[in-house]
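Welcome! Let's look at this model together and ask, step by step, how each label is earned.

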Amino acid sequence: MPEFRETTLSNGLRVAAEIDGRGYSAAFGYFVRAGSRDEVDQESGLSHFLEHMMFKGTNRRSAADVNRELDELGGQSNAYTSEEQTVYYATVLPKFQHRLVDLLTDMLSPTLDADEFATERQVILEEIAKYEDQPPFGAFERAMEVHFGPRGLGRRILGTAESIKTMEATTMRDYFHRRYRPENIVLAASGNIDFDALVAQVEELTQAWSQRPTVATPATDSPNTVPAGISLEPRIAIPDAQQAYMVGISPGPCSTSADRYAARALGSIMGDEGGSRLFWELIDSGRAEVATLWPHEFMNEGAWFTYMVCAPEDAKSNCRLMDDIIQGTIDKGIKPEELKQTLSKATAGAIMQSERPSNRLFGIGSRWLTCGEYLSTDDALDCLRNITVDDVENAAKKYLTTDATEIVAVAENSTTAP
């Protein structure tokens, strides 16, 4: 059986690991509490910008060295940024634990070179432009901005073209020193790992992290303004769009809510990509290309999303049909066999995912970073198996009856979409 161990180093860095000597691989990741919700306007997009800069070299390694060593270790590695954290991770054979931990730890002390900063600025501007040109054309970001406000949870992860163009390297360095402090970071590990060796190595490698300069906290943004490049209009006009893209967002359970498992089951019953109520009524019937809904959990609040893609001329009738399906669930509840099928699928998925240390890593690291809590696979399975029909129906009444923020991305000349 896997064993969970954790410790806090002398500099405040937390280490959390799920150890399973039966595994054939080992996964490691640094989870940093630095996300878009932590930024102010002049820093908008910096958490993601820094993610890029971590691969651009350190005092010990050039950018080429970093990427070459990652390839030499023969595993899988990557990074991502969300509203609440930035994560750098890799999975390797257990024999490469020491080399990988040395590399990942070194990456978190980047040179933040001004020339590399200028080069990467162009990469990120292209990323923003590419993202805005692809469906659903920023509709999810607009929904978050309108629902939560354009700051905090509503701030765009990539930032805007305006914020990235005016970004200064000194601002990036100050943000790094403020957020990338050891007490703000968790090193998570899973699989066939040597925990004692891991702790000893990281204790030595991160001694200087607590000596990072202390920088002033920037002034808060005025709530009476809207950040540059942000619009709060509920309609996004897209040249030559062939379909209508509709996103709705309303309150949902947070990551510590007792409702979260029932809400996930409800989302699967209602909007799973195969076999759900919305699937049979809207997708299988050919009325829509996409029709789904799901909860998304953040630390202290949550969101409930609906999403539909269809021909513009079908948008109004499809929205009415989706509303009818949702209202029918609220009024009439769910069938026991629907819950049984959903829980069978969820438990099988949880068990199969648990076989890979790389899959377990994200739950371990994210939960330890945000909640200081460990949830084993058995704990998660118990939570799933304890869900009742009443739990799901109560979640429907609680979360599907609230008014939703609705965003529509559609052709500029369209008059048929809602």
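Q: What counts as a positive or a negative charge here, and how far apart are the mean positions of the two kinds?
A: Lys and Arg count as positive, and Asp and Glu as negative. With that rule the chain has 40 positive and 64 negative charges, and their mean positions are 2 Å apart. Please keep in mind that this is a predicted model.

Q: How do you know how compact the chain is?
A: The chain holds 15 helices and 11 strands. Its radius of gyration is 23 Å, close to the 22 Å that the globule rule gives for 418 residues, so the chain is as compact as a globular protein of that length. Along the principal axes, the C-alpha trace spans about 60 × 50 × 35 Å.

Q: What share of the residues counts as buried, and what share of the exposed area comes from carbon and sulfur?
A: Buried means under 20% relative accessible area, and 53% of the 418 residues count as buried. The chain exposes about 19100 Å², with carbon and sulfur atoms supplying 48% of that area.

Q: What part of the contacts comes from residues 24 or more positions apart?
A: Among contacts with a separation of 6 or more, such residues account for 82%.

Q: Why is the pair of aspartate 41 and arginine 151 called a salt bridge?
A: The rule asks for a side-chain nitrogen of Lys or Arg within 4 Å of a carboxyl oxygen of Asp or Glu. In this pair the N to O distance is 2.8 Å, so the pair meets the rule. By this rule the count comes to 27 salt bridges.

Q: Where do aspartate 41 and arginine 151 lie along the chain?
A: The pair links distant parts of the chain, 110 residues apart. Aspartate 41 is in the loop between strand 3 and helix 1, while arginine 151 is in the loop between helix 5 and helix 6.

Q: Why is arginine 151 called buried, and what is aspartate 41 called?
A: Arginine 151 has 17% relative accessibility, which is under 20%, so it counts as buried. Aspartate 41 has 21%, which lies between the 20% and 50% cut-offs, so it is partly exposed.

Q: What makes glutamate 72 and arginine 68 a salt bridge, and where do they sit?
A: Their N to O distance is 2.9 Å, so the pair fits within the 4 Å limit. Both lie in helix 2, four residues apart, about one turn of the helix.

Q: Which other arginine forms a salt bridge with glutamate 72?
A: Glutamate 72 also pairs with arginine 99, with the closest N and O atoms 3.2 Å apart. Here the pair links distant parts of the chain, with glutamate 72 in helix 2 and arginine 99 in helix 3, 27 residues apart.

Q: Why are glutamate 72, arginine 68 and arginine 99 called partly exposed?
A: Partly exposed covers values between 20% and 50%. Glutamate 72 is at 44%, arginine 68 at 38% and arginine 99 at 36%, so each earns the label.

Q: Is histidine 52 buried or exposed, and which residues does it touch?
A: Histidine 52, in helix 1, has 16% relative accessibility, which is under 20%, so it counts as buried. Leaving out residues up to four places away in sequence, histidine 52 touches Glu120, Val123, Ile124 and Glu127.

Q: What makes the backbone at leucine 112 and aspartate 240 worth pointing out?
A: Most residues other than glycine have a negative phi. Leucine 112 has a positive phi of about 55°, and aspartate 240 has a positive phi near 65°.

Q: Buried or exposed: what are leucine 112 and aspartate 240?
A: Leucine 112, in the loop between helix 3 and helix 4, is at 5%, under the 20% cut-off, so it is buried. Aspartate 240, in the loop between strand 7 and strand 8, is at 68%, over the 50% cut-off, so it is exposed.

Q: Which peptide bond is called cis, and how do you know?
A: The bond from proline 135 to proline 136 is cis, with omega near 0°. Proline 136 lies in the loop between helix 4 and helix 5.

Technical notes: Residues numbered from 1 in each chain as written. Predicted model: local features only at pLDDT ≥ 70, side-chain atom pairs only at ≥ 80, totals over all residues. Heavy atoms only, no water. Helix = DSSP H or I, 4+ residues; strand = E, 2+ residues; numbered from the N terminus. Buried < 20%, exposed > 50% of the residue type's maximum accessible area, 1.4 Å probe, protein only. Rg over C-alpha atoms; globule rule 2.2 N^0.38 Å. Contact = heavy atoms within 4.5 Å. Areas by Shrake-Rupley, 256 points an atom, 1.4 Å probe, with all protein chains shown as cover. Charge placed at Lys NZ, Arg CZ, Asp CG, Glu CD.
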